[in-house]
Amino acid sequence: MLRLIGFFVLVIFTRRVLEIVPVVGDVLRSLGILGFWVVAIFVGWYLNHLGAKLLSKRNLDTQVRDLGNVDTPRNQGKLGLLFLDSGKPRAALAPLRNAHAAQPDSNEWRYGLARVLLSLGQHDEAADHFQFVASQDASYGFGRVLLGLAEARLDSSSPNGSDIALQALDRHDSDRGATPESALLRGLVFKRSGRKDEARAAFASVGGLARHLPAAYRRTAFPYQVRAFFARFS
C-alpha cells in the first residue's frame, strides 16, 4: 500500500515538473485526467527500466567478484569477456591480455582480445588477432571473425588492408550469406578504394538485406542502415 502511495506521489510530482516544460506542459494540461495516466505510464516504464539496470549492475558486480577471487587464465578470460559484453572494453583489455598471454593457443581469448582492441580503435593489433583466428577457423564466432577482420583491416595502416578486407567479406558472404553488416563494410571498403558506384550499390543493399531478416533480428540491423544511409551522401 505504501509503495502504491509513493508511486502516485511520484507521478503527481513528475507531472507538475513536466507542466513547466514549454509545449509538453500545454499538451498534458489539454489531456486532463488522461495526461495523469500518460505520466503514470511513463513513470512506471522508467522505474522498471531503472530497476532492470540496477539488477543487471548487481549481477555484474557479483560475477566480477566471483571471477576475480580466483586468478587463473580461464577466470581472467571470462572476466574480460564479461566486461566486453557489458560494454566496458577498457576494463576488458587487461584481463584478456593476461588470459591470452597465459594461453596463446586459445582462440576464445584471442578473439575476445581482438574485439576489445577493435572497439578501442587499435586496428592494426586487432586485425592481426582476427586474422590469426580466421586462419585457424574462418567460421569462428558464427563467421563474425571475418567481419571483425574486414573492419579492422579497413582502418588499419596495412597497405593492402582493403584487399584483405574484401577477401574476408567474400569468404563471409560465401559461407553465411550477405548481411546488413557485411554489405555496409563492403560499401566502406569500396568507398575507401575510390570505387564509388560499387560503394553506392553496396550501401543501397543494406536496407533490403535488413528487411529480409527474421523480425527478431531487424532491430539489430538498424544501426547499419543508418550508417549506410549517411555513408552514401558523405
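Helix H12 gives the most to the lining of the largest pocket, with 4 residues. I start there, and a reminder before going on: this is a predicted model.

That pocket holds about 350 Å³ of space. It has 16 lining residues, and those closest to the centre are Arg144, Thr179, Pro180, Glu181 and Leu213. Helices H8 (144-154), H9 (161-176), H10 (180-192) and H12 (215-233) are the elements that give two or more residues to this lining. Sorted by class, the lining has 8 nonpolar, 5 polar and 3 charged residues.

Next, the second largest pocket. Its volume is about 290 Å³. Here 15 residues form the lining, and Arg115, Leu118, Arg144, Glu151 and Glu181 lie nearest the centre. So you will have heard Arg144 and Glu181 named for the largest pocket and again for the second largest. At least two lining residues each come from helix H6 (107-119), H8, H10 and H12. By class, the second lining has 8 nonpolar, 2 polar and 5 charged residues.

Now the surface. Val27, Leu31, Ile33, Leu34, Trp37 and Val38 make a nonpolar patch of about 560 Å². Two helices, H2 (24-31) and H3 (33-68), each supply at least two of the patch residues. H3 has the largest share, with 4 residues.

One residue of that patch, Leu31, sits in helix H2. Is Leu31 buried, partly exposed or exposed? Its relative accessibility is 33%, and because partly exposed covers the range between under 20% for buried and over 50% for exposed, Leu31 counts as partly exposed.

Technical notes:
Residues are numbered from 1 along each chain as its sequence is written. This is a predicted model: local features need pLDDT of at least 70, side-chain atom pairs count only at pLDDT 80 or more; totals for chains, interfaces and linings use all residues. Side-chain values use heavy atoms; hydrogens and water are left out. Patches are made of residues with over 30% relative accessible area and no salt bridge: like charges are joined within 9 Å, nonpolar side chains (Val, Leu, Ile, Met, Phe, Trp, Tyr) within 5 Å. Accessible areas come from the Shrake-Rupley method with a 1.4 Å probe; for residues, only the protein chains shown count as cover. A salt bridge is a side-chain nitrogen of Lys or Arg within 4 Å of a carboxyl oxygen of Asp or Glu. Buried means under 20% relative accessible area, exposed over 50%, partly exposed in between (1.4 Å probe, protein chains only). On a 1 Å grid over the protein atoms alone, a cavity is a set of points where a 1.4 Å probe fits but cannot get out, and a pocket is an open set with protein on both sides within 12 Å along at least five of seven lines; lining residues have an atom within 4 Å of a point. Grid points are joined across faces, edges and corners, and a volume is the space filled by probe spheres set on the points. Ala, Val, Leu, Ile, Met, Phe, Trp, Tyr, Cys and Pro count as nonpolar, Asp, Glu, Lys and Arg as charged, and the others, Gly among them, as polar.
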